[in-house]
Amino acid sequence: MLNGRSLGFIGGGNMAEAMIRGLLKARLLRPQEILASDVVPERLAYLEQTFGIRTSQDNAEVAGKADIALFAVKPQIMSPVLDGLLDVITGHKVLISIAAGISTRFIAEKFPGKVRVIRVMPNTPALVLEAASALCSGADALPEDLELAKRIFTAVGKVVVVEEVLMDAVTGLSGSGPAYIFLIIDALSDAGVKVGLSRREAQLLAAQTVLGAARMVLETHKHPGELKDMVTSPGGTAIAGLHTLEAGGLRTTLINAVEAATRRSMELGRKD
Ligand SMILES: NC(=O)c1ccc[n+]([C@@H]2O[C@H](COP(=O)([O-])OP(=O)(O)OC[C@H]3O[C@@H](n4cnc5c(N)ncnc54)[C@H](OP(=O)(O)O)[C@@H]3O)[C@@H](O)[C@H]2O)c1
């Protein structure tokens, strides 16, 4: 429970739906404590019917009624959306934004007084309640606001708190990261087919191997290098495969990829 506080989603798209699902599943909020606004009436009807939440086509109505406003619209429309809320945002509300590349300062400067802003970078596995989310506080957010946001995002996955300057790095690693892993799973699946497995078997084995390995890292708290050593016997199969991966520069390629995506995130941010 969020101490009886209500949460209003501004934008009822994919991320909002994933979060509503997670929050209800975790019993952090009751349906009547969740509101959502969107420009698409069918979308609102779907959310209302699926989750029993309250909806409105009017962003100001939702942001006005809710104690916490969670912005889940595309970054390019954040500015006009915020402009439409000047009359309803007060210092009592907590504003949480997941809009990629939009700084807490950009949001806070839209309003005359002090506003409490938390910025979050989640990733698409939020859709299956396995997001990796990084949170940071705006200048006037209270410590309790950050705690509140941590509770909200823990309902859809795992959270870390970072300084805002690191949000581009987060975008390069976990924000864009699902795309890297999908590529790796697809490549492993191709490899399985090459060595004689059916596509269906190969894909299941590849995806489950990624999932299982990730869970071992998270649940044993062992260093991934130690876990690798545990499956690498002298003169065995794993070391033969690992040698080939190192020769192909996998580690360096992944580091370069995260660095490139981080740089791109910085470039996109500067355009705003
Ligand atoms: N997806 C991710 O993995 C991910 C990760 C990190 C951060 N984010 C951030 O999360 C935010 C939402 O992403 P998403 O994937 O959920 O996008 P989405 O599915 O497009 O959801 C946005 C929703 O807001 C609606 N909308 C458009 N204009 C509006 C307005 N003026 N007032 C209220 N609602 C409006 C959209 O309607 P229309 O479809 O008609 O435009 C859509 O239903 C983005 O800022 C993105 O950067 C996403």
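This note goes through the domains, the sheet and one helix pair of a predicted model.

1. On the division of the chain, the domain assignment gives domain 1 as residues 7-164 and domain 2 as residues 175-271. The C-alpha centres of domain 1 and domain 2 lie 32 Å apart, and the contact between them involves 6 residues of domain 1 and 6 residues of domain 2. On the side of domain 1 that touches domain 2, 3 residues are nonpolar and 3 are polar, while no charged residues are found there.

2. Turning to the sheet, the model has an open sheet of 8 strands, which follow the order β3-β2-β1-β4-β5-β6-β7-β8 and show mixed pairing. The edges are taken by β3 (54-56) and β8 (157-161), and because each of these has a single partner strand, one side of each is left without a neighbour in the sheet. Ignoring direction, neighbouring strands of this sheet are turned against each other by 25 degrees on average.

3. At the β8 edge, strand β7 (residues 131-137) and β8 run parallel and are joined by 5 bridges. For a reader who wishes to locate this pairing in the structure, Ala-134 has Val-160 in β8 as its bridge partner.

4. As for the helix pair, the axes of α8 (residues 177-194) and α9 (residues 199-220) come within 8 Å and cross at roughly 135 degrees, which means that α8 is oblique to α9. The crossing of α8 and α9 is right-handed.

5. The residues that make this helix contact are, from α8, Ile-181, Ile-185, Leu-188, Ser-189, Gly-192 and Val-193, and, from α9, Arg-199, Glu-201, Ala-202, Gln-203, Leu-205, Ala-206, Ala-207 and Val-210. Sorted by class, the residues of the contact of α8 with α9 comprise 9 nonpolar, 3 polar and 2 charged.

Terms used:
Residues numbered from 1 in each chain as written. Predicted model: local features only at pLDDT ≥ 70, side-chain atom pairs only at ≥ 80, totals over all residues. Axes fitted to C-alpha atoms, helices over the stretch in contact; angles between N-to-C directions. Helix = DSSP H or I, 4+ residues; strand = E, 2+ residues; numbered from the N terminus. Parallel < 35°, antiparallel > 145°, perpendicular 65-115°, else oblique. Left-handed = near helix turned anticlockwise from the far one by under 90°. Contact = placed C-beta atoms within 7 Å. Nonpolar A, V, L, I, M, F, W, Y, C, P; charged D, E, K, R; others polar. Pairing = 2+ DSSP bridges. Domains from an automatic or database assignment.
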